[in-house]
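Subject: Structure handover and notes

Hello,

Please find the structure below, followed by notes on what was found in it. Reply with any queries once you have gone through them.

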Amino acid sequence: MPRQILLLNGPNLNLLGTREPDVYGATTLDDIVAQLRTIAIERGAELSDQQSNHEGGLVDMLHDARNWADGVLFNPGAYTHTSIALRDAIAATGLAVVEVHLSNVAARESFRQHSMISPVCVGVVSGFGAISYVAALDGLLRHLDEVAA
Ligand code: DQA
């Protein structure tokens, strides 16, 4: 049975490609999903993707993922910096979550320099544009292998 990976994106990430391309790049979310899906298959895994602009919707998606996903790549967008609810959802589900950011949030405005969710994630990848997701998938699959060994 292939490993099941959820790629979960939060608010405004549906606009990737046209949204502040100087900060977030020209790659669309569809492009990112397609690339990750190909890599996942090469690595013997299956990737599903979900996106919501709503905090509660993201909480529901994490709850549901508890029933079928082995791990989650999660870019919570601006909720990264504000959402105790998302942090609690990750802690409550016990899912292996890797936090992903296109931009280097540590080098941006001070309000982006704190993440509510990092402490409940297995790792964080930030600053490599669309490649952040590729690196995060690699890290997550290696982590899952290590835990299973
Ligand atoms: C982001 C960084 C967040 O601060 C911002 O609110 C986003 C995107 C990133 O991928 O760089 O929406 O998560």
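Arg108 and Glu109 form a salt bridge through their side chains, with an N to O distance of 3.7 Å. Here a salt bridge is a side-chain nitrogen of Lys or Arg within 4 Å of a carboxyl oxygen of Asp or Glu. Arg108 has a relative accessibility of 19% and therefore counts as buried, where buried means under 20% relative accessible area, exposed over 50%, and partly exposed in between (1.4 Å probe, protein chains only). Glu109 is partly exposed at 33%. The side chain of Glu109 also meets that of Arg112 in a salt bridge, at 2.7 Å from N to O. Arg112 is buried, with 16% relative accessibility. Elsewhere, Arg43, Asp138 and Arg142 are joined into one network by salt bridges that share partners.

Two sentences on the source. This is a predicted model, in which local features need pLDDT of at least 70 and side-chain atom pairs count only at pLDDT 80 or more, while totals for chains, interfaces and linings use all residues. Residues are numbered from 1 along each chain as its sequence is written, and side-chain values use heavy atoms, with hydrogens and water left out.

The remaining salt bridge notes are these. The count comes to 6 salt bridges. One of them pairs the side chains of Arg3 and Asp145, with 2.6 Å from N to O. This pair links distant parts of the chain, since Arg3 is in strand 1 (residues 3-9) and Asp145 is in helix 5 (residues 131-148), 142 residues apart. Helices (H or I, at least four residues) and strands (E, at least two) are DSSP runs, numbered from the N terminus. Arg3 is partly exposed at 24% relative accessibility, and Asp145 is also partly exposed, at 43%.

Next, the ligand. Which residues surround the ligand? They are Arg19, Tyr24, Asn75, Gly77, Ala78, His81, His101, Leu102, Ser103, Val105 and Arg112, a residue being near the ligand if one of its heavy atoms lies within 4 Å of it. Arg112 thus appears both in this shell and in the salt bridge with Glu109. The shell divides into 4 nonpolar, 5 polar and 2 charged residues. In that division Ala, Val, Leu, Ile, Met, Phe, Trp, Tyr, Cys and Pro count as nonpolar, Asp, Glu, Lys and Arg as charged, and the others, Gly among them, as polar.

Polar side-chain atoms of the shell lie at short listed distances from ligand oxygen atoms, as follows:

- Asn75: an N or O atom of the side chain is 2.8 Å from an oxygen atom of the ligand.
- His81: a polar side-chain atom is 2.7 Å from an oxygen atom of the ligand.
- Ser103: a polar side-chain atom is 2.6 Å from an oxygen atom of the ligand.

Taken alone the ligand exposes 320 Å², and the protein buries 99% of that. Accessible areas come from the Shrake-Rupley method with a 1.4 Å probe; for residues, only the protein chains shown count as cover.

On the interior: the largest nonpolar core has 27 residues, of which Ile5, Leu36, Leu73 and Leu137 touch the most other members. A nonpolar core is a set of buried Ala, Val, Leu, Ile, Met, Phe, Trp, Tyr and Cys residues joined through side-chain atoms within 4.5 Å. Strand 1, helix 2 (29-42), strand 2 (45-51), strand 4 (97-101) and helix 5 each give two or more residues to this core. Helix 5 supplies the largest share, 7 residues.

Two serines lie in the loop between strand 4 and strand 5 (123-126). Ser115 is buried at 15% relative accessibility. Its side chain makes a polar contact of 3.1 Å with the side chain of Glu99 and reaches the backbone nitrogen of Ile117 at 3.1 Å. A polar contact is a pair of N or O atoms within 3.5 Å; within protein, one must be able to donate a hydrogen and the other to accept it, and residues adjacent in sequence count only if both atoms are side-chain atoms. Ser118 is partly exposed at 26%.

Last, backbone angles. Asn12, although not a glycine, has a positive phi of about 75°. Asn12 is in the loop between strand 1 and helix 1 (21-24) and is partly exposed at 36%. Glu20 lies in the loop between strand 1 and helix 1, with a positive phi near 35°.

Regards
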